[in-house]
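Here is a short guided read of one protein chain, written for someone who likes to check coordinates along the way. Have a look at the model first, and then we can walk through it together.

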Amino acid sequence: MKKVEAIIKPFKLDDVREALSEIGITGMTAIEVKGFGRQKGHTELYRGAEYVVDFLPKVKLDVVVAEDQVERCIETITAAARTGKIGDGKIFVTNVEQVVRIRTGETGPEAI
């Protein structure tokens with residue numbers, strides 16, 4: 001099993017969720033986060049005062065999938081989240097050693 005973590009622009013969340021649902025991936029966690037990479041933030045004007053916004057709003061998605069679904073999951077997220085502009089995000093893939101469904105006690109891929 002693998003954990004796919006995607007950092008995306010907030011307005012792309014519904015597009016990504018729908019695209020993943022279409023390929024059979026229904027479970028995910030979405031967390032509102034702030035951060036920056038090469039995008040570095042930007043300057044805004046508020047009531048005549050200029051200030052720097054260092055951390056930009058993003059959404060972090062966590063999806064745990066079977067190993068045979070990883071590439072399709074990555075391709076789907078990439079296609080749905082891409083705008084072609086800086087700040088589209090990143091995808092990280094890590095190993096998941098164990099999953100337990102609390103309600104039933106199921107473990108492994110059945111618990112996903």
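A residue is called buried here when its relative accessible area is under 20%, and exposed when that area is over 50%. Keep in mind that this is a predicted model.

**Helix α1 and its covered face**

With that cut-off in hand, let us turn to the helix α1. Its residues Val16, Ala19 and Leu20 are buried. Looking down the axis of α1, these buried residues fall within an arc of 95°, so they line one face of the helix. An α-helix has 3.6 residues a turn, so residues three or four places apart point the same way. What lies over the buried residues of α1? The cover includes β1, β5 and α2, the last spanning 70-81. Right after α1 comes Gly24, with a positive phi near 95°.

**The sheet**

How are the strands of the open sheet ordered? There are four of them, in the order β2-β5-β1-β6, with antiparallel pairing. β2 (29-35) and β6 (89-95) are the edge strands, each pairing on one side only. From one strand to the next, the twist averages 20°. Helix α1, made of residues 13-22, packs on this sheet and touches β1, β2 and β5, and its direction makes about 10° with that of β5.

Strand β1 (residues 2-8) is joined to β5 (residues 56-65) by seven bridges, and the two run antiparallel. Seven bridges also join β1 to β6, again with antiparallel directions. Five of the seven residues of β1 are buried, so the strand is largely enclosed by the rest of the structure. If you would like to follow the register by eye, these residue pairs are a handy place to begin:

| Residue in β1 | Partner | Strand of partner |
|---|---|---|
| Lys3 | Val64 | β5 |
| Val4 | Val63 | β5 |
| Lys3 | Thr94 | β6 |

**The nonpolar core**

Which residues touch the most other members of the largest nonpolar core? Among its 17 residues, they are Ile8, Val16, Leu20, Ile25, Cys73 and Ile77. Two or more residues of this core come from each of β1, α1, β5 and α2. Helix α2 gives the most, with five residues. In soluble globular proteins, nonpolar side chains tend to be buried together.

Val16 is a good residue to center your viewer on. Leaving out residues up to four places away in sequence, Val16 touches Ile8, Leu61, Ile77, Ala80 and Ala81. Val16 is also one of the buried residues of α1.

**The whole chain**

Stepping back, the secondary structure comes to two helices and six strands. Along the sequence they follow the pattern β-α-β-β-β-β-α-β. The radius of gyration is 17 Å, well over the 13 Å that the globule rule gives for 112 residues, so the protein is more spread out than a compact globule. Along the principal axes, the C-alpha atoms fill a box of roughly 55 × 25 × 20 Å.

How much of the protein is buried? Buried residues make up 30% of the 112 residues. As for contacts with a separation of 6 or more, 71% of them are between residues 24 or more positions apart.

Terms used: Residues are numbered from 1 along each chain as its sequence is written. This is a predicted model: local features need pLDDT of at least 70, side-chain atom pairs count only at pLDDT 80 or more; totals for chains, interfaces and linings use all residues. Side-chain values use heavy atoms; hydrogens and water are left out. Two strands pair if DSSP finds at least two bridges between them. Helices (H or I, at least four residues) and strands (E, at least two) are DSSP runs, numbered from the N terminus. Axes are lines fitted to C-alpha atoms, for helices over the stretch in contact, and angles run from 0 to 180 degrees between N-to-C directions. Contact means heavy atoms within 4.5 Å. Buried means under 20% relative accessible area, exposed over 50%, partly exposed in between (1.4 Å probe, protein chains only). The arc is that of the directions from the helix axis to the C-beta atoms. A nonpolar core is a set of buried Ala, Val, Leu, Ile, Met, Phe, Trp, Tyr and Cys residues joined through side-chain atoms within 4.5 Å. The radius of gyration is taken over C-alpha atoms; the globule rule is 2.2 Å times the number of residues to the power 0.38.
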